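Please open the model in a viewer and keep the selection panel at hand. The stops below proceed from one chain to its partner and then to the place where the two meet.

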Protein chains: 2
Amino acid sequence: MDIRNEIPANDVERFYFAALEFSDAARGIIRAALAAGFEVRRKPDGSFVTSADLEVETRLRELIARRFPTHGVIGEEYPAANPHAALQWIMDPIDGTEDFVKGLPTFGSILALHYRGEPLVGVIDHPVLDLRVSAGYGRGAYRGKERVSLADLDPAAIDGSERVMLPARANFIKHRDDGALFDILTRAHPNHRIYRSCFAHACAVTGSADAAVDYGNPVWDFAASRILIEEAGGKFVSVRAWDVPSLGRVYASVFGKPRLVDSLLSHFNR
Amino acid sequence: MDIRNEIPANDVERFYFAALEFSDAARGIIRAALAAGFEVRRKPDGSFVTSADLEVETRLRELIARRFPTHGVIGEEYPAANPHAALQWIMDPIDGTEDFVKGLPTFGSILALHYRGEPLVGVIDHPVLDLRVSAGYGRGAYRGKERVSLADLDPAAIDGSERVMLPARANFIKHRDDGALFDILTRAHPNHRIYRSCFAHACAVTGSADAAVDYGNPVWDFAASRILIEEAGGKFVSVRAWDVPSLGRVYASVFGKPRLVDSLLSHFNR
């Protein structure tokens, strides 16, 4: 039995609509920051953080603490709250901050609620693209208000024309040298796109892409992706996990149309 | 002397504003097609073409023939008109048709005017992203109505964090096997993004990316890019050209911030 069935459907519904409200709040802050300007600095690892990242995470933590004071919160920019709670909100306030800073519209906000490690609710929101995908356990996946449902690929369509979202080579070499896997994936699936943000995940959910690979990222970068893909009728596989000093646990996952996910997974075992 | 100085500045201005009008017409047709739906079929080479591609090119050819009856027109979907004229309009009505079909917003319309092979005017328009870059010879480059000006990269900033827009591996192997060059470029510049449309070129013009590579494409795919980049203060180099049976001449070019362009070019000589 799926442990998530311990949560009444009414509660899932309540959490799902709360997540949409929190996501609205994030979008409002981000759009205001784009209009009014924001501060940018580099973190010790060289990655960007802006005043908008911090403002979104602070605001969402406040909203969650007020509505669900017993729930935990894990976010990219601040320490965990209620780390032993069974229900954990996980967020990346702006995923793709470098793109946000450089004027690309593909960045997004990620918000998920997990129950004992299993995802109940997931939202990826793209404020500039006006694109949101959302899902709740047993409730289906949505693009805006429209239900999305993925049809599997015909095996004959996995001929090099399949559309695969890949991480950049940077993701495969930043923690350890897994560059050979990038080379294998780009050779096997030459019709790839590389966005360096959760826009790739949203595209796998809507079917704009046939599948996506995430590589070397902490939990907040893909916390919404499994529930989104599974509720859309696709397949999600967490394929690798390892620890990185000063960052913690990072993961690799593959998700999208099931036959293509299986094909992609075969490259990880070489 | 630059041969383009043979064209009076008043004429460049007239051509530039005409190009913006033609681009408005293309945008209107594309947005209407997205709202009302459109037909999709595959060309003999397997690539997509839609009723919107054909409608945009047909309409722009009509507008150009009416306004500039002696000018030539080269487009992706129909045979050349007035092929011996000194002034040639070159267009790709929808660049990134596969993305257009699959619901990605990064496709765009490309329109350029060349004089004896040298670009006078260039426009790349993204109807869904509401993003347009445009330039006229001696008139500067613009994002919407805002002038854009590229600052060169500090040599120390070419350390792997530089943002490079690359073609997918598919582009390097579709006509002949230049896959090794893709591997070299992705290794040397791991912070790459791959969009498979002229959105990559627009990002190089605005500075959202530091440079872009175009590979294995006919003239209409990058006809606007040289004038856009040069008028923005960047550097454009056409680095390779070769003939492909049934398709004609295809090209490789590198453009963007000058020092990074030089760095990228060094990989083509290995």
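A crossing is called left-handed if the near helix is turned anticlockwise from the far one by less than a right angle, and right-handed if clockwise. Helices (H or I, at least four residues) and strands (E, at least two) are DSSP runs, numbered from the N terminus. The model is a predicted one, in which local features need pLDDT of at least 70 and side-chain atom pairs count only at pLDDT 80 or more, while totals for chains, interfaces and linings use all residues. Residues are numbered from 1 along each chain as its sequence is written, and chains are lettered from A and ligands numbered from 1 in the order in which they are written.

**Stop 1: the helix pair of chain A**

Select residues 9–36 of chain A, helix α1, together with residues 51–67, helix α2. Their axes are 9 Å apart and the packing angle is about 155°. Axes here are lines fitted to C-alpha atoms, for helices over the stretch in contact, and angles run from 0 to 180 degrees between N-to-C directions. α1(A) and α2(A) are therefore roughly antiparallel to each other; angles under 35 degrees count as roughly parallel, over 145 as roughly antiparallel, 65 to 115 as roughly perpendicular and the rest as oblique. Viewed with one helix in front of the other, α1(A) and α2(A) show a right-handed crossing.

Which residues of the two helices meet? From α1(A), show Ala18(A), Phe22(A), Ala25(A), Ala26(A), Ile29(A), Ile30(A) and Ala33(A); from α2(A), show Ala52(A), Glu55(A), Val56(A), Arg59(A), Leu60(A), Leu63(A), Ile64(A) and Arg67(A). Two residues are in contact if their C-beta atoms, placed from the backbone, lie within 7 Å. Coloured by class, this contact of α1(A) with α2(A) has twelve nonpolar, no polar and three charged residues. In that scheme Ala, Val, Leu, Ile, Met, Phe, Trp, Tyr, Cys and Pro count as nonpolar, Asp, Glu, Lys and Arg as charged, and the others, Gly among them, as polar.

**Stop 2: the sheet of chain A**

Next, select the strands of the open seven-stranded sheet of chain A, whose order is β3-β4-β5-β6-β7-β8-β9, with mixed pairing. Two strands pair if DSSP finds at least two bridges between them. At the edges stand β3 (72–75) and β9 (146–148) of chain A, each with a single partner strand, so one side of each is left without a neighbour in the sheet. From one strand to the next, the twist averages 20°.

Within this sheet, focus on β5 (residues 108–115) and β6 (residues 118–126) of chain A, which pair in the antiparallel sense over seven bridges. Leu111(A) has Val123(A) in β6(A) as its bridge partner. Now bring the first helix back into view: α1(A) packs on the sheet, touching β4 (87–95), β5, β6 and β7 (131–136) of chain A, and its direction makes about 25° with that of β6(A). α2(A) lies across β3, β4 and β5 of chain A, and runs at about 160° to β4(A).

**Stop 3: a hairpin in chain A**

Move to strands β13 (residues 235–244) and β14 (residues 248–256) of chain A, which run antiparallel and are joined by nine bridges. Lys235(A) stands opposite Gly256(A) in β14(A). Three residues lie between the strands of this hairpin, and Ser246(A) takes a positive phi near 75°.

**Stop 4: chain B**

Turn to chain B and select strands β5 (residues 108–115) and β6 (residues 118–126), an antiparallel pair with seven bridges. Here Ile110(B) stands opposite Ile124(B) in β6(B). Add α2(B), which lies across β3, β4 (87–95) and β5 of chain B and runs at about 160° to β4(B).

**Stop 5: where the chains meet**

Finally, display both chains. A rotation of 180° with 0.0 Å of shift along its axis superposes chain A on chain B, with an RMSD of 0.0 Å. That is the relation of a two-fold axis; copies are superposed by least squares on the C-alpha atoms of residues with pLDDT of at least 70 in both. Which residue of chain A comes closest to the rotation axis? Centre the view on Ile194(A), whose C-alpha is at 2.3 Å.

The contact takes 26 residues from chain A and 26 residues from chain B. On the side of chain A that touches chain B, the elements that give two or more residues are α4 (169–173), α5 (179–188), β11 (192–193) and α6 (199–206) of chain A. α5(A) supplies the largest share of that side, four residues. By class, the side of chain A that touches chain B has ten nonpolar, nine polar and seven charged residues. Because 100% of the interface residues of chain A are also interface residues in chain B, the copies meet through the same surface.
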